[in-house]
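Welcome! Please open your viewer, pick a cartoon style and keep the selection tool at hand; we will go from stop to stop together.

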Amino acid sequence: MGKLQTTENEIVPSIRAGTATGDLRLHEFRSRIFRNTRFLRVWLPPGYDDPANHGRRYPVFYLNDGQNLFETVSAFAGVEWQVDETADRIIREGVVPPVIFIGIDNAGKDRLREYMPHWSMHPMRLRVRGRHYPDFLMKEVMPFVERNYRAATGPDNTGLGGSSLGALIALYTAMVGPGVIGRLLIESPSLWVSNRQAIKESRSVRIWPERIFLAVGTSEAGSAERSRTVVDDVRELAAIVRRAVLSEHRLRLVIRDGAGHNEAAWAERFPEALQFLFGSQAHVT
């Protein structure tokens, strides 16, 4: 068990993860909004603790389903996104600047409730809590990170992402909280749930993040017909965003032939996503 000294002179305990590449710290985090506890997994970039960088602040990339990001021991089916290996490599190569990654664990059995902002008949979920997720992120998680780590603030320095339902709630959060998230990763979003309500609401959004990486595979579902529907939904969302932002530089749409709905596919695309969202070209207007 390690200890982190905060700016408010409190001691926040953290656990150092032993199997991750680089410095990964786990904080047990209690949410008043959701009334539950989960881990926040904080990965610090190379050089964070160097004395020369003591006054430096870093962009932050918040990612849902934190269990699946850094370590096989906690990842679904033992397959991780390899966020730590990928980030360590391309930061050291100078492809992207040093970034802090925050893996926000899902709530286990309550994952669907927290990641769905609208009630749904398929899957059947009537008492969903996803409408509280933006407040959970912006009023609880982000302030914790900004108190305890040298986090740069503002939309240019703030990313959010996820996959499947984790992508759906990331999309919803960016739509209802304009001007907070500047870098958005949407991997294999479950746009079909709740009768495609997210697509319907996206048509009225006028302020989108500065950079959006939207990706899907052609083998996402159990049949070719269902997979085509998933891809068509993603294409429709991309078209809506393009009409709103009027810039090809701000949206990258990736449709990967043969890729499925799993951690291996999202790990494979993560280097490209990270470079697009946070690389030097991400600051070109």
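Where in helix 3 does a kink lie? Keep in mind that you are looking at a predicted model. Select M142: a kink of about 30° lies there, shortly before the proline P143.

**Stop 1: helix 3**

Now widen the selection to residues 133-148, which make up helix 3. With 16 residues at 1.5 Å a residue, this helix should span 22 Å, and its end C-alpha atoms are 21 Å apart, so the two values agree. Next, colour the buried residues of helix 3: Y133, P134, F136, L137, E140, V141, M142, F144, V145 and N148. M142, the site of the kink, is thus one of the buried residues. As you look along the helix, it helps to know that an α-helix has 3.6 residues a turn, so residues three or four places apart point the same way.

**Stop 2: the cores**

Keep L137 and V141 selected and add Y62, I100, I104 and L171. These are the residues with the most contacts inside the largest nonpolar core, which has 54 residues. Which helix gives this core its largest share? Select residues 165-176: that is helix 4, and nine residues of the core come from it. Apart from this core lies another one, of 27 residues; to find it, select V83, V96, L274 and L277, which are among its members. In soluble globular proteins, nonpolar side chains tend to be buried together.

Now go back to I100 and show what surrounds it. Leaving out residues up to four places away in sequence, I100 touches V42, W43, L44, P45, Y48, Y58, P59, V60, F61, Y149 and R150.

**Stop 3: two loop residues with positive phi**

Select Q82, in the loop between strand 5 (60-64) and helix 1 (83-92). Its phi is positive, about 60°, although Q82 is not a glycine. Then select S164, in the loop between strand 9 (158-163) and helix 4. S164 is not a glycine either, and its phi is a positive value near 60°.

Are these residues buried or partly exposed? Q82 has a relative accessibility of 40%, so it counts as partly exposed. S164 has a relative accessible area of 13% and is therefore buried, as the cut-off for buried is under 20%.

**Last stop: G108**

Finish at G108, in the loop between strand 6 (100-104) and helix 2 (111-115). Its relative accessibility is 45%, so G108 counts as partly exposed. Add D65 and draw a C-alpha to C-alpha distance: G108 and D65 are 9.4 Å apart in space and 43 residues apart in sequence.

Conventions
Residues are numbered from 1 along each chain as its sequence is written. This is a predicted model: local features need pLDDT of at least 70, side-chain atom pairs count only at pLDDT 80 or more; totals for chains, interfaces and linings use all residues. Side-chain values use heavy atoms; hydrogens and water are left out. Helices (H or I, at least four residues) and strands (E, at least two) are DSSP runs, numbered from the N terminus. The expected span of a helix is 1.5 Å times one less than its number of residues. The bend at a residue is the angle between axes fitted to the seven residues ending there and the seven starting there. Buried means under 20% relative accessible area, exposed over 50%, partly exposed in between (1.4 Å probe, protein chains only). A nonpolar core is a set of buried Ala, Val, Leu, Ile, Met, Phe, Trp, Tyr and Cys residues joined through side-chain atoms within 4.5 Å. Contact means heavy atoms within 4.5 Å.
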